[in-house]
There are 2 protein chains.
Amino acid sequence: MSHIILDGRVVREARLPALKEFFGGLAKPPVMTIIQVGDRPDSTAFIRAKSTFAAKVGVTVRHIHLPESITQAELLSVIAENNKASDVHGIIVQLPLPLSLDQETVIEAIDPTKDADGLSAANVKRWLSGHPAALYPATTRGVRELLSHYRIDIFGRKVAIVGRSMLVGKPLAAWALNENATVIVCHSKTPDLAAETKQADIVIVAAGRPGLVSAKHLKSGAVVVDVGINTVQGQKLEEEVGRRLVGDVDFDSASTVASAISPVPGGVGPMTVLALFENLADLIRKAY
Amino acid sequence: MSHIILDGRVVREARLPALKEFFGGLAKPPVMTIIQVGDRPDSTAFIRAKSTFAAKVGVTVRHIHLPESITQAELLSVIAENNKASDVHGIIVQLPLPLSLDQETVIEAIDPTKDADGLSAANVKRWLSGHPAALYPATTRGVRELLSHYRIDIFGRKVAIVGRSMLVGKPLAAWALNENATVIVCHSKTPDLAAETKQADIVIVAAGRPGLVSAKHLKSGAVVVDVGINTVQGQKLEEEVGRRLVGDVDFDSASTVASAISPVPGGVGPMTVLALFENLADLIRKAY
């Protein structure tokens, strides 16, 4: 089927000037603190991608790189300092953290008015309830902006979400529901995935399983958004994170029936980085 | 079809002795503070139902009845006092509040370790993420215990939820998802409700529309749970709240195809009251 490519790099470039203008119009460049604990290569790569984009839009990234041996108390005091610092407008703790640290406690320590990832309880409640000032987590916002750019409206449509994580599947479901879609959430315990996804107008896949969704999972004309970022040997290189990536969708197969489809790399990934800085702009704009 | 009645009054009676024994075994009777603002007759009726049940299980209800003219600051100071009081283990603010008060701010003022309704942000994040110590809001817990009593397992089943409120539809969806059901959430903007619900093994209706779901919405053998509590002239009286109530399900029609169905009154309503005190028991049992 002839299909539209939902091109995250194109959309991100299109949005970049407005964001740059907004940040440039502030009295001084805003600061986004990114806290990294340990040396996971994927975390280092994601932080590099965020830093590169930040430079383009005029945001100063304060990368605080801490050793894996740091104690929880020490990490919390670093967060507390950044909560207090009036020049810092956004704080991200790069996940996952080492198992020696309690991820929930650490996330909750971030001032909700600086929580650019939208993961603290105050923000979770807001995006779940559809509060007008809600900040959706970056991946969800990235999917939203990607569909919006291509004028794909989900109001009254049937949206299938494959995956149910707190970082991606659940906020995607909340968003789609708040936007008046009928939403079905499928996952590893769904007995017949294809039977469910085949009925959906829009299928968003965030399962972390390479090639899970193919043509047989889709009705003709479906819109397919691939949130998967799986590192696989010998696959295409995502320049910005310097890794070889493959999505959760078998692109060659799915694109034979889809009316629109996002590739990996170059689909949701670049949008997620953009969305993080759109969230930062919202944090600065609004009295929380 | 021959069907089982999911009888909330029977289940509540069956659960009452264990709850009474638990509360009776404490050093002194626990206190549940119920704060009412204004004189809505439905709120008064619900509080009466909760107080009657509390007396049966050995919980002291401290009913704080405030005038509609109270200011937000005054209400917050009443909550703060109850947060501090070491003999108070649970605090409920009866909803809805008058429009002059900001419901979200008021709910967030309740100490999460005393939030028996599970509506504060800290608890919302927990039930959404499926945290083992999560307290689901009372209606969701009531539905869970009702199904569990009749040994209806939702693991791997398809559950349709009709309604998407923060009080009922969304926590029900989170719970069903966390229990490994495949979950579809339908609502007023779903173009063909019957087409969706007809595919579900279990249909839970919380839409606030009398008689919305009937036989044509159900597959043969479906389990139907009716969360609706609509006050309608000339209908059956729910003794405990003293109102004439009708559900969201056309019982006579739906029961011709359902394998199990909850009535209104006498289904989820009594279970919700029970669940509130099961939540209180969990708050007392656990260091939050």
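## Notebook: the shared sheet and the contact of chains A and B

I began with the sheet: 12 strands form one open sheet, in the order β1(A)-β12(A)-β8(A)-β7(A)-β5(A)-β6(A)-β6(B)-β5(B)-β7(B)-β8(B)-β12(B)-β1(B), with mixed pairing. At its edges I found β1 (4-5) of chain A and β1 (4-5) of chain B; each has a single partner strand, so one side of each lacks a neighbour in the sheet. I note here that the model I am reading is predicted.

**Entry 1. From the edge inwards, chain A.**
I followed the order of strands from β1(A). This strand pairs with β12 (residues 260-261) of chain A in the parallel sense, over 2 bridges. Within that pairing, Ile4(A) has Ala260(A) as its bridge partner. I then looked up the pairing of β12(A) with β8(A), which is parallel and also rests on 2 bridges. Here Ala260(A) stands opposite Val223(A).

Next I examined β8(A), residues 223-226, and asked which of its residues are buried on each face. Val223(A) and Val225(A) are buried on one side, and Val224(A) and Asp226(A) are buried on the other, so I recorded both faces as covered. Strand β7 (residues 202-205) of chain A runs parallel to β8(A) and is joined to it by 4 bridges. In this pair Ile202(A) is placed opposite Val223(A).

**Entry 2. The middle of the sheet.**
I asked in which sense β6(A) and β6(B) run. They are antiparallel, and 3 bridges join β6 (residues 182-186) of chain A to β6(B). Ile184(A) faces Ile184(B) across this pairing.

**Entry 3. Strands of chain B.**
In chain B I looked at β7 (residues 202-205). Ile202(B) and Ile204(B) point one way from the strand, Val203(B) and Val205(B) point the other way, and all are buried. On one side I found β5 (residues 158-162) of chain B, which pairs with β7(B) in the parallel sense over 4 bridges; Val159(B) has Ile202(B) as its bridge partner. The pairing of β7(B) with β8 (residues 223-226) of chain B is likewise parallel, over 4 bridges. There the bridge partner of Ile204(B) is Val225(B).

**Entry 4. How the two chains are related.**
I looked up the superposition of chain B on chain A. A rotation of 180° with 0.0 Å of shift along its axis achieves it, with an RMSD of 0.0 Å. This is the relation of a two-fold axis. Which C-alpha of chain B is nearest the axis? It is that of Ile184(B), at 2.0 Å.

**Entry 5. The contact between the chains.**
I counted the contact from the two sides: 22 residues come from chain B and 22 residues from chain A. On the side of chain B, α5 (121-129), α7 (169-178) and β6 (182-186) each supply at least two residues. The largest share on this side, 6 residues, belongs to α5(B). By type, the side of chain B holds 12 nonpolar, 5 polar and 5 charged residues. I also noted that 100% of the interface residues of chain B are interface residues in chain A, so the copies meet through the same surface.

Because α5(B) gives the largest share, I examined it further. 8 of its 9 residues are buried, among them Val124(B), Trp127(B) and Leu128(B). The cover of these buried residues includes α5 (121-129) and α7 (169-178) of chain A, together with α4 (103-109) and α7 of chain B. After α5(B) comes Gly130(B), whose phi is positive, near 75°.

**Entry 6. Core and domains.**
I looked up the largest nonpolar core and found 174 residues in it. Those with the most contacts inside it are Ile161(A), Val183(A), Ile204(A), Val183(B) and Ile204(B). For Ile204(A), leaving aside neighbours within four places in sequence, the contacts are Val143(A), Val159(A), Ile161(A), Leu172(A), Val225(A) and Val227(A).

Chain A is divided into domain 1 (27-112) and domain 2 (137-269). The centres of these two domains of chain A, taken over C-alpha atoms, are separated by 28 Å.

**Entry 7. One loop residue.**
Last, I located Gln199(A) in the loop between α8 (193-197) and β7 of chain A. Is Gln199(A) buried or exposed? Gln199(A) has 17 other C-beta atoms within 10 Å, so I recorded this residue as partly exposed. Leaving aside neighbours within four places in sequence, Gln199(A) is in contact with Lys158(A) and Lys219(A). From Val159(A), Gln199(A) is 40 residues away in sequence and 8.9 Å away in space, C-alpha to C-alpha.

Technical notes
Residues are numbered from 1 along each chain as its sequence is written. Chains are lettered from A and ligands numbered from 1 in the order in which they are written. This is a predicted model: local features need pLDDT of at least 70, side-chain atom pairs count only at pLDDT 80 or more; totals for chains, interfaces and linings use all residues. Two residues are in contact if their C-beta atoms, placed from the backbone, lie within 7 Å. Ala, Val, Leu, Ile, Met, Phe, Trp, Tyr, Cys and Pro count as nonpolar, Asp, Glu, Lys and Arg as charged, and the others, Gly among them, as polar. Two strands pair if DSSP finds at least two bridges between them. Copies are superposed by least squares on the C-alpha atoms of residues with pLDDT of at least 70 in both. Domain bounds come from an automatic or database domain assignment. A nonpolar core is a set of buried Ala, Val, Leu, Ile, Met, Phe, Trp, Tyr and Cys residues joined through C-beta atoms within 7 Å. A residue is buried if 20 or more other C-beta atoms lie within 10 Å of its own, exposed if 12 or fewer, and partly exposed in between; C-beta atoms are placed from the backbone.
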